[in-house]
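Work through the following exercises with the sequence and the model at hand. Each task is followed by a solution in steps.

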Amino acid sequence: MKRLFRLKGEEKMLGGVAAGLAEYLDIDVTIVRVLFAIGFFSPFPVVISYLILWIVMPSKERLQLAA
């Protein structure tokens, strides 16, 4: 079963949210980062959404320890 989580380590840039979403959606992390960058200039509050995801999404390490 796929789980949504933040990645830490080499793929992480700012919180690991984009890397976690990219792995969950099976797409390249660069695409997710570009979409977040484009969304920064849109009227939708992408920065707030990113911060909320950063707080809410568990890290992969935390999920592995709980299992």
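**Exercise 1.** Classify Arg33 as buried, partly exposed or exposed from its relative accessibility.

Solution. Start with the location: Arg33 belongs to helix H2. This is a predicted model, and H2 spans residues 29-40 with a mean pLDDT of 90, the highest among the elements of the protein chain. Next, take the relative accessibility of Arg33, which is 25%. Buried requires a value under 20% and exposed a value over 50%. Arg33 therefore counts as partly exposed. As a check on its surroundings, take the C-alpha distance to Ala22: the two residues are eleven apart along the chain, and their C-alpha atoms are separated by 9.0 Å.

**Exercise 2.** Determine how H1 and H2 are oriented to each other, and list the residues that make the contact.

Solution. Helix H1 covers residues 17-25, and its axis comes within 8 Å of the axis of H2. The two axes cross at roughly 125°. The oblique class takes angles that are not under 35 degrees, not over 145 and not from 65 to 115. H1 and H2 are therefore oblique to each other. The handedness of their crossing is right-handed. On the H1 side, the contact is made by Ala18, Ala19, Leu21 and Ala22. On the H2 side, Val29, Val32, Arg33 and Phe36 take part. The partly exposed Arg33 is thus one of the residues of H2 in this contact.

**Exercise 3.** Which residues of H1 are buried, and against which helices do they pack?

Solution. The buried residues of H1 are Val17, Ala18, Ala19, Gly20, Leu21 and Ala22. They pack against two helices, H2 and H3, the latter comprising residues 46-56. For the H3 side, the contacts can be named: Val17, Ala18 and Leu21 of H1 meet Tyr50, Leu53 and Trp54 of H3. Ala18 and Leu21 also appear in the contact with H2.

**Exercise 4.** What is the orientation of H1 relative to H3, and how does Trp54 fit into the picture?

Solution. The axes of H1 and H3 are 10 Å apart, and the packing angle is about 80°. An angle from 65 to 115 degrees counts as roughly perpendicular, so H1 is roughly perpendicular to H3. Trp54 is located in H3 and is among the residues of H3 that meet H1. Its C-alpha atom is 9.5 Å from that of Ala18, although 36 residues separate the two along the chain. With a relative accessibility of 30%, Trp54 counts as partly exposed.

**Exercise 5.** Describe the packing of H2 against H3.

Solution. The axes of H2 and H3 come within 8 Å and cross at roughly 135°. H2 and H3 are therefore oblique to each other. From H2, Phe36, Gly39 and Phe40 make the contact. From H3, the partners are Val46, Val47 and Tyr50. Phe36 also takes part in the contact of H2 with H1, and Tyr50 is also one of the H3 residues that meet H1.

**Exercise 6.** Is Asp26 buried or exposed, and what is the sign of its phi?

Solution. Asp26 lies in the loop between H1 and H2, just after H1. The relative accessibility of Asp26 is 62%, so Asp26 counts as exposed. Its phi is positive, at about 55°, although Asp26 is not a glycine.

**Exercise 7.** Summarise the chain as a whole: secondary structure, burial, contacts, surface and confidence.

Solution. Begin with the elements: the protein chain has four helices and zero strands, in the order α-α-α-α from the N terminus. Then consider burial: 28% of the 67 residues are buried. For contacts with a separation of 6 or more, 44% join residues 24 or more positions apart. The accessible surface is about 5000 Å², and carbon and sulfur atoms hold 67% of that area. Finally, weigh the confidence: the chain averages a pLDDT of 79, and 72% of the residues score at least 70. Helix H4, residues 60-66, has the lowest mean pLDDT among the elements, at 59.

Terms used. Residues are numbered from 1 along each chain as its sequence is written. This is a predicted model: local features need pLDDT of at least 70, side-chain atom pairs count only at pLDDT 80 or more; totals for chains, interfaces and linings use all residues. Side-chain values use heavy atoms; hydrogens and water are left out. pLDDT is the predictor's confidence in each residue, from 0 to 100. Buried means under 20% relative accessible area, exposed over 50%, partly exposed in between (1.4 Å probe, protein chains only). Contact means heavy atoms within 4.5 Å. Accessible areas come from the Shrake-Rupley method with a 1.4 Å probe; for residues, only the protein chains shown count as cover. Axes are lines fitted to C-alpha atoms, for helices over the stretch in contact, and angles run from 0 to 180 degrees between N-to-C directions. A crossing is left-handed if the near helix is turned anticlockwise from the far one by less than a right angle, and right-handed if clockwise.
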